[in-house]
Amino acid sequence: MTMQMHIFDSPQQLVASLSDELQKLSELKRSMHIALSGGSTPKRWFDFMAATNFRESIDWQHLHFWWGDERCVEPAHQESNFGEADRRLFQKIQITEENLHRIRGEDAPQEEVARLAADMQQQLPMVNGLPQFDWVLLGVGEDGHTASLFPHHYDPETEQMAVVAHHPGSGQTRISITAPVIENARRVSYLVLGASKREVVKTVLESPEQAQALPAANIRSKEGMTEWLLDADAAALLPR
Ligand code: 6PG
């Protein structure tokens, strides 16, 4: 289990580096299963790839995209994590439907949790009795949540592979993969941009005792590498 941190001068440099990584994965010419984060941070990445020659240079047929969590809304809704990725990127590249494993936010949550768990077990390699992603990308909320695993409202040792959750602020119903599934991944990358995240980044990376209740401070790959990819604004309070 290794932990790394990379600070990029700008969001543009961070998303360019991520795009290079994705291209390298696609060049391995085998199916790679990647769980994307939701919220606003990855939108810059999707827009960047759609606007550059990564659109053609990435061999998309080898990449399977999943989501770490989804809001329980229709894909057409602007809150939909899949919907935003689809509108910003997937509709603009050559990728088949079979490679997009969206969480069906429009369906009954508990039924969708069961379907998602079965789908992960069917499509992903099983390691340690759990589905194993090649790469899980995660965002961090200012409260230290990640995916839809919120402080004091998630079970780090659950037997479940997916759960129904509720955003503590808005009450919005969500579906999330669980901490054990994330921790079974070969690579976990936290993508964190912007000055609004600098306090939570400092707490998570510099004050472990304060951060012990925060999912983003506790959830890391047990099978491989965990990394924090930050822009300078998000890293502003870290010692240089
Ligand atoms: C979601 C996410 C969530 C997100 C963080 C950061 O569905 O909202 O998966 O965990 O990554 O809340 O969100 P921002 O990128 O919008 O700051």
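This is a short tour of the ligand site and some aromatic pairs in a predicted model.

**Stop 1: the ligand.** Start by selecting the ligand, which sits in the largest pocket. Next, show the shell of 15 residues around the ligand; Ser 40, Thr 41, Asp 69, Ala 147 and Lys 197 come nearest. Try colouring the shell by residue class: nine of its residues are polar, four are charged and two are nonpolar.

**Stop 2: the polar contacts.** Which side chains should you pick here? Select Thr 41, where an N or O atom of the side chain lies 2.6 Å from an oxygen atom of the ligand. Then add Lys 197, with a side-chain N or O atom that is also 2.6 Å from a ligand oxygen atom. Now turn on the backbone of Gly 38: one of its polar backbone atoms is 3.3 Å from an oxygen atom of the ligand. With these contacts on screen, switch to a surface view: on its own the ligand has 410 Å² of accessible area, and the protein covers 87% of it.

**Stop 3: the aromatic rings.** Hide the ligand and display the aromatic side chains, where the count comes to eight aromatic pairs. One of them to select is Trp 60 with Phe 65, a tilted pair with 6.1 Å from centre to centre and 45° between the planes. Are these two residues buried or exposed? Trp 60 has a relative accessibility of 3%, so it counts as buried. Phe 65, at 2% relative accessible area, is buried as well.

Finish with Tyr 190 and Trp 228: their ring centres are 4.3 Å apart and their planes are at 15°, so this pair is stacked.

Notes:
Residues are numbered from 1 along each chain as its sequence is written. This is a predicted model: local features need pLDDT of at least 70, side-chain atom pairs count only at pLDDT 80 or more; totals for chains, interfaces and linings use all residues. Side-chain values use heavy atoms; hydrogens and water are left out. A residue is near a molecule or strand if one of its heavy atoms lies within 4 Å of it. A polar contact is a pair of N or O atoms within 3.5 Å; within protein, one must be able to donate a hydrogen and the other to accept it, and residues adjacent in sequence count only if both atoms are side-chain atoms. Accessible areas come from the Shrake-Rupley method with a 1.4 Å probe; for residues, only the protein chains shown count as cover. On a 1 Å grid over the protein atoms alone, a cavity is a set of points where a 1.4 Å probe fits but cannot get out, and a pocket is an open set with protein on both sides within 12 Å along at least five of seven lines; lining residues have an atom within 4 Å of a point. A molecule sits in a cavity or pocket if more than half of its atoms lie within 2 Å of its grid points. Ala, Val, Leu, Ile, Met, Phe, Trp, Tyr, Cys and Pro count as nonpolar, Asp, Glu, Lys and Arg as charged, and the others, Gly among them, as polar. Rings of Phe, Tyr and Trp (its six-membered ring) pair if their centres lie within 6.5 Å; planes under 30 degrees apart count as stacked, over 60 as edge-to-face and the rest as tilted. Buried means under 20% relative accessible area, exposed over 50%, partly exposed in between (1.4 Å probe, protein chains only).
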